[in-house]
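User: Please take a close look at the internal cavities of this protein, and at the unusual backbone geometry elsewhere in the chain. A connected account would be appreciated.

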Amino acid sequence: MNQTHAMTYRPEIDGLRAIAVLSVVLYHFGLPGLGGGFVGVDIFFVISGFLIGGILWDEWTRSRRIDILEFFKRRVRRLAPAFFAMTTVTAVFAYLILLPFEFREFGKSLVAATLWLSNVQFFREAGYFDIGADSKLLLHTWSLSVEEQFYVALPLTLLFLRGSKRSVIGVLLAAWALSLVACIALTPQAPTATFFLFPFRAWELLSGVLLAIWGKEQQATWRIGAWVSWAGLFLLAAALTLIEPGTQFPGWQAVVPVAGTVLLLLNGRHSNLINVALASKVPAFIGLVSYSLYLWHWPVLTLSTYWRGTYANGYEAAGWLLLAVALAVAAWAGIERPVRRSASTKAVVTSFFLLVLVSVGAGLWAYLTQGALGRFSPAARIHVEASESFYSDWSRCAIADSGSLRGLNVCTVGPDGDPEVLFWGDSHLRAMMGGIGAAAAETKTPGLIVWHAGCPPLFGLAKKESAATPAQDQKCLADTEQMRTAIADMKGVRRVVLVGRWSYYAQGAGTGADEHNRIELSPVKQATAAQSQAQLYASAWSVTSAELRQHFDEVFVVRQVPEMPGYSARQVARDIVHRGLDAQALSKATSVENDALLRRVEQAEAPLKGLVQRSEITIIDTWPSICTPQCQVVHNDKSYYFDNNHLSNGGAMALRELLRPALTGRRTP
């Protein structure tokens, strides 16, 4: 059954679908000049709203009711067969290729996608240590979940609204306006939410719905003038080439592709060059297979790049793209079309529920078995375990909702009670939380952790970081200034421990695998003379030490763990499993030359040495446990590192004894 149902077939809409799917697919495969290709999803949203809205409005106006069961049967027939074919094949390859924690996460996404909730899952998972998109084989299903949530919301809304046409249209217009305003207003502060979640995308689908309703009520001919189509095409071209991925999208920028799509639909039956081109055989055929092409392109892309690392050249990328197209055409011809044309409703619905049970069961199995760890060799498991060994027990963590720490990330450790020790730091503190928690429990010392990723725990500094947005940089400064005030209220806290990636802040750049990351420090108060990054960093230490000593008996500083420039537990595990990493390459990836390391930390540790000499701070030295004498990742068949600068939870647990003096206040002999 065609998605247009009772509507007259409009081939130019399939041509518009072709623009949408090719934009997304070619953008993902790296076609130059298509920086905004991801807005193809927004084009799809408007088209779906237009078609489904038109069908449901026809039904509602005839009888003031919606046959929900019949509607969902049509949706299942249209969408489910190709979806489950894709997820089944993808699950097989995921089992063969993905590392255990990645396969475990795939299991979660398989369950979420099957239950139309993958957009919520990917929103919740977005964060500093989230796994990369290259191992999220079902990431593209987020937009399908948004549409499927729309397929629930719209018919139920029409079903329960008993008023006149005018009042129903008024409710839909109000929902459209509220969603649009929320999307624009909240994108700067919460771009992940507005990107993934249905309430902030509903206005795009409702744009299509309201256009369809207008057309029905006005008996529109969809013929206005060629200029309307040209204006729509211009807006789409601008969106596809000028909009860039980032935290400003969707926001107001999404209005551009949505408006362009609305204009093209509005004038779709007018005889002009654009509509003739859209309705021609090739674009219309691509539109017909667009759903399958969207389904297949992402697993082909992610699995191939995961396995290959990076494409050798454009010809290889083109080869994988052709494979995705071939799979899409085969799925359309062999699954989508036959099921829609000839399969009985009973067979379709029964198969749907069976496939849902199998899919959810397979996803739960992958998750509950921790990704089937036994698939890999002992040598690989060392790094496999480290790649998923990043402390994730948030049961005693929250964003403070009151008091002087309101709005900050805080965690409690040790027994209940007023904290005796404050741990303050960046993501390196986050990495050590498992070890800190264990040490606090062992010493029966209540403690408080306050952390902010990428934010130096030093007073008097603002930062501008390549890996952060301006709003995030401002939040770092605000949090640091808030801590400056909050410590005065911590009357029962006797000791403070600072944890940070000091070499990053002193030098202004990462190293090795993250050398592209940059951070620029600046004084909060205008300095009388220009200072280098290292000088600003050193000055901040003097200020911070002096202020902390006014409020705490002792100030401890954890010596930054040695950076391992070439290491990533995830990548090393992949290389061992899929590429047979040799001993020499493994050694290079899992160690660092001492001379290079000393040069890297020289500027970071210079001000600390002066503070130690003046007995202003006490250093907790992590190096003797890692450098024996060469600094290495692996000790006692355990990787101490998660990536090239963060400890794994195993490493944090192994180093927890170093924290005992800070927790107890008794120095080790």
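**The largest cavity and the unusual backbone sites**

Analyst: In this predicted model, helix H2 (40-63), helix H3 (68-97), helix H6 (141-160) and helix H14 (290-308) each contribute at least two residues to the lining of the largest cavity. That cavity has a volume of about 260 Å³, and a search of the whole structure finds seven cavities of 30 Å³ or more. Its lining comprises 17 residues, with Phe 44, Ser 48, Leu 144, Glu 147 and Tyr 291 lying nearest the centre. By character, the lining residues are nine nonpolar, four polar and four charged.

The backbone deserves equal attention. Most residues other than glycine have a negative phi, and most peptide bonds are trans. Arg 64, however, has a positive phi, near 55 degrees. Arg 64 is placed in the loop between H2 and H3, two of the helices that supply the cavity lining. With a relative accessible area of 33%, Arg 64 is partly exposed. Trp 222 also has a positive phi, near 60 degrees, and is found in the loop between helix H9 (198-218) and H10. Trp 222 counts as buried because its relative accessibility is 14%, under the 20% limit.

Two cis peptide bonds complete the account. One joins Phe 249 and Pro 250, with omega about 10 degrees; Pro 250 belongs to the loop between helix H10 (226-242) and helix H11 (255-266). Another runs from Thr 628 to Pro 629, with omega near -10 degrees, and Pro 629 sits in the loop between helix H25 (623-626) and strand E11 (631-632).

Notes:
Residues are numbered from 1 along each chain as its sequence is written. This is a predicted model: local features need pLDDT of at least 70, side-chain atom pairs count only at pLDDT 80 or more; totals for chains, interfaces and linings use all residues. Side-chain values use heavy atoms; hydrogens and water are left out. On a 1 Å grid over the protein atoms alone, a cavity is a set of points where a 1.4 Å probe fits but cannot get out, and a pocket is an open set with protein on both sides within 12 Å along at least five of seven lines; lining residues have an atom within 4 Å of a point. Grid points are joined across faces, edges and corners, and a volume is the space filled by probe spheres set on the points. Helices (H or I, at least four residues) and strands (E, at least two) are DSSP runs, numbered from the N terminus. Ala, Val, Leu, Ile, Met, Phe, Trp, Tyr, Cys and Pro count as nonpolar, Asp, Glu, Lys and Arg as charged, and the others, Gly among them, as polar. Buried means under 20% relative accessible area, exposed over 50%, partly exposed in between (1.4 Å probe, protein chains only).
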